[in-house]
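Biologist: Hello! I am new to reading models like this one, so please walk me through it.

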Amino acid sequence: MMKALLFYGAYDVRLEERPIPKLVDQTDVIVKTTSAALCGSELHRYRGHSKANMKPGYVCGHEGIGVIHEKGSEVKNFAVGDRVIVPFLTSCNECFNCKRGVHGRCKKGRNFGGLTLDGSQAQYFLAPMADAILYRLPKELEGGELAILMTDIFPTGFNGAKQAFIDTPQDQWKDMSIAVIGCGPVALCAIISALEYGPARIFAVDSVVSRLKAAEELGCIAINFKEVDAVAKIREATDNNGVHAVIEGVGMSPALKTAYDIVCPGGKISSFGVHNGELPFTAADCYNKDVHIKFGRCPLRVVFHDALTTLIRNRELIERMKFIDLVVPELDESFADALKRFECGELNKVVFKPNGPSA
Ligand SMILES: [Zn+2]
Ligand SMILES: [Zn+2]
């Protein structure tokens, strides 16, 4: 048996004993979890805002790293004992969508910690299609907890930044003004990635003072939308033109509305927030501003290598910024307090050590 955190409904996650998972297909592995993180995108469901995945009784968590404990006979690229990074969702690398680099919408794709696939917040979890999804833990990330960022938030932030710049010729990057709406952990990863493109300035919009301070430490112009009118402030600072690109990581309609209001004509909105609501603008609004919008899930497989090298280059900075502000040394009832503090925004990133602190 093993310990696991199970989702039972809004504000109802329980620590329970579960059988250690067994291989289903010969392309699967069983991972013994060394670290499993809480992610902001889990909060939509935890708060009952998301209608998807509300059925009770599955293991939470889509961010996990660990050691291969058991493998199916058809797994060629990995061996028992290998330390691996497990991306937040599975992708086959072979279907119509994967072949075009849209791995986030793999036809066989399943999210860890959802209705169809148990997650990583347990002592063991099953990872299907192991050869297609796993990454070996790189030497540079052994020890410490930064590797968990590569399961989701760093590639997602990296891709959010990449989308903000790729439509603009490189010689114009240095003249670009960028805004980032929401300064949570993923957005900070986006800011760190965006800085490598060398834009003229980055406005960072949030209302949580500690997050704004972190953005400011990275060189951003921090704007607290509870204290000032963020739209007016950014428009004024850009001679009423607006910014060239907006990176939106909140996943709520008002954030998207702000993005629309501050983007310049012909500009880009790069949205990686997990949205559950309506668009706060019309097709006519989009036409009238010639606005480009990129939504959706990060195709982690496409950006993994570049995101990893960016993370490694910025490793000291990321460590200094204390992205991970709580490491829970085991899976016990203290999870409830950690989850509560994470939910109210007191903690940025929580990592559980389901098999003990030294695993
Ligand atoms: Zn995540
Ligand atoms: Zn696929």
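**Cysteines, zinc and a serine**

Biologist: Buried or exposed: which word fits Cys 95 and Cys 106?
Modeller: This is a predicted model, where local features need pLDDT of at least 70 and side-chain atom pairs pLDDT 80 or more, while totals for chains, interfaces and linings use all residues. Residues are numbered from 1 along each chain as written, chains are lettered from A and ligands numbered from 1 in written order, and side-chain values use heavy atoms, without hydrogens or water. Buried means under 20% relative accessible area, exposed over 50% and partly exposed in between (1.4 Å probe, protein chains only). For Cys 95 and Cys 106, the word is buried.

Biologist: What is the geometry of the site of the zinc ion (ligand 2)?
Modeller: Donors are N, O or S atoms within 2.8 Å of the metal (3.2 Å for Na, K and Ca), with water not among the atoms, so sites may look incomplete. Here the SG atoms of Cys 92, Cys 95, Cys 98 and Cys 106 lie 2.3 to 2.4 Å from the zinc ion. Four donors pass as tetrahedral if all angles lie between 85 and 135 degrees. The angles are 103 to 119°, so the site is tetrahedral.

Biologist: How are the donor residues spaced in sequence?
Modeller: Four cysteines supply the protein donors. Their spacing is C-x2-C-x2-C-x7-C.

Biologist: Which side chain makes a polar contact with that of Ser 271?
Modeller: Ser 271 is buried, with a relative accessible area of 3%. A polar contact pairs N or O atoms within 3.5 Å; within protein, one must be able to donate a hydrogen and the other to accept it, and sequence neighbours count only through side-chain atoms on both sides. At 3.3 Å, the partner of Ser 271 is His 275.

Terms used. Four donors count as tetrahedral if all angles lie between 85 and 135 degrees; four count as square planar and six as octahedral if opposite donors are over 155 degrees apart and all others between 65 and 115; anything else is irregular.
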